[in-house]
Amino acid sequence: MQPRQGEESEDMGVKSKAAAAIVILLLFLGCLWLQGGLDYHWDSCLKSYNQLNQLTNRSGSGEAEGPLRQEGCPGQTFQVSALLSHLQDASASRSDIMLQPYLSSWDELVRFMEALGPMVGLISNEIETKTTLIRQLALAVEEGPEAELRPDHPPARFAGTSGADDHGAYRSVRSMIQVELQSGLVDFHQTSDSGCRTLLRLHRALDWLRLFLEKLAETPASGTSGRLRSPSELCREAYQSTLAHHHTWFVRRAAELAFIALPERGFFYRLVCVQNQEELSRLLLRVVAAIAQVYDRTQGILEDNLMLDLP
């Protein structure tokens, strides 16, 4: 017996409502991505963010095989050459991480995540709130106590970062830690809107992206069937090994659901303008090495200041 038209309409209505509910749930949980739980800053999930920074596309790599020759990928918002340039600038100091290029690296990584589709793009919104907060803190110190921390406040200019003798309070990770410890902004016992706590959340997310790109760069081992695993599977594995340790069960399930929507491998070829897995692997390994240098140095600085477990 064929279903009546009324029954079909009702069934479609139920399915549409269920799909909408899933999308709304992912949107809400995406805002909690870096919080490590569901009990802090619920109001941040109601905000929207339109921050867009101008980035120059410069090539660069200190590796022996020569500089990265890809000046830019036409038609793409995300530019891997710009990401590499910012990462290298961030680690220019031998024992510190410069904050301005570090945050610019995140601007480019946000573009990378947004390119992967709306589900992963939702996660990038929370990352943007983190980079914005650090910029606002830097601006507040520069302008004095009267500067307000509000979403529409322009990003900090990081005065003095263009020169070698810059002395801004938020010029680097070490200087930010020093000024926030002296001012009592860092709280080791409860959540706070400090730059140090915010940096820790970004730091953990950077480890996830580093491992994902490292897995995406893998090539089939000799003697195997040559099958490459899906980006969705690789991203889920990277998440389970990193960020998942800091998230509740509810957030972990929502994150893994979002990873199902990741595009196939061919999309990543087009995203960075390469033709095959060999070219992608060579390019991504350069990015992974640059991220690892920034991550390892930041890890050491946070560890020295007992900040790896800030609530």
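Is Thr 242 buried or exposed? Hold that question while the tour sets the scene, and select Thr 242 when its loop comes up.

**Before you start**

The structure is a predicted model, in which local features need pLDDT of at least 70 and side-chain atom pairs count only at pLDDT 80 or more, while totals for chains, interfaces and linings use all residues. Residues are numbered from 1 along each chain as its sequence is written, and side-chain values use heavy atoms, with hydrogens and water left out.

**The whole chain**

Show the protein as a cartoon, and you will find 10 helices and 0 strands, where helices (H or I, at least four residues) and strands (E, at least two) are DSSP runs numbered from the N terminus. Of the 311 residues in the protein, 50% are buried; here buried means under 20% relative accessible area, exposed means over 50%, and partly exposed lies in between, with a 1.4 Å probe and protein chains only. Among the contacts with a separation of 6 or more, 69% join residues 24 or more positions apart, a contact being heavy atoms within 4.5 Å.

**Helices α3 and α4**

Select α3 (99–115) and α4 (118–143). Their axes come within 9 Å and cross at roughly 165 degrees, where axes are lines fitted to C-alpha atoms, for helices over the stretch in contact, and angles run from 0 to 180 degrees between N-to-C directions. That angle makes α3 roughly antiparallel to α4, since angles under 35 degrees count as roughly parallel, over 145 as roughly antiparallel, 65 to 115 as roughly perpendicular and the rest as oblique. The crossing is left-handed, a name used if the near helix is turned anticlockwise from the far one by less than a right angle, with right-handed used if clockwise.

To see the contact itself, show side chains including Leu 103, Trp 106 and Asp 107 of α3, and Ser 124, Glu 128 and Thr 131 of α4. The residues of this contact divide into 8 nonpolar, 4 polar and 4 charged; Ala, Val, Leu, Ile, Met, Phe, Trp, Tyr, Cys and Pro count as nonpolar, Asp, Glu, Lys and Arg as charged, and the others, Gly among them, as polar.

Stay with Glu 128, which is found in α4 and, at 7% relative accessibility, counts as buried. Its C-alpha lies 7.6 Å from that of Asp 107, although the two are 21 residues apart in sequence.

**Helix α5 and its neighbours**

Next select α5 (residues 173–183), whose buried residues are Val 173, Ser 175, Met 176, Ile 177 and Glu 180. What covers these buried residues includes α3, α4, α6 (195–216) and α10 (277–304).

Add α10 to the view: α5 and α10 pack at an angle of about 20 degrees, with their axes 10 Å apart, and they are therefore roughly parallel to each other. Their crossing is right-handed. The contact is made by Val 173, Arg 174 and Ile 177 of α5 together with Ile 301, Leu 302 and Asp 304 of α10, and by class it has 4 nonpolar, no polar and 2 charged residues. Just after α5, look for Gly 184, which takes a positive phi of about 75 degrees.

**The loops**

Now return to the opening question and select Thr 242, in the loop between α7 (231–241) and α8 (249–259). Thr 242 counts as buried, because its relative accessibility is 7%. A polar atom of the Thr 242 side chain lies 2.6 Å from the backbone oxygen of Ala 238. Not counting residues up to four places away in sequence, Thr 242 touches Asp 207, Trp 208 and Leu 211.

Move to Leu 228, in the loop between α6 and α7, which is partly exposed at a relative accessible area of 28%. With residues up to four places away in sequence left aside, Leu 228 touches Glu 218, Thr 219, Pro 220, Arg 265, Tyr 269 and Gln 277. The C-alpha atoms of Leu 228 and Leu 216, 12 residues apart along the chain, are separated by 9.0 Å.

**Two last stops**

Which residue in the loop between α9 (265–271) and α10 should be selected next? Choose Cys 273, which is found there and has a positive phi of about 60 degrees although it is not a glycine; at 37% relative accessibility, Cys 273 counts as partly exposed.

Finish at Leu 306, in the segment after α10, where phi is near 55 degrees, a positive value in a residue other than glycine. Leu 306 is exposed, with a relative accessible area of 69%.

Notes: A polar contact is a pair of N or O atoms within 3.5 Å; within protein, one must be able to donate a hydrogen and the other to accept it, and residues adjacent in sequence count only if both atoms are side-chain atoms.
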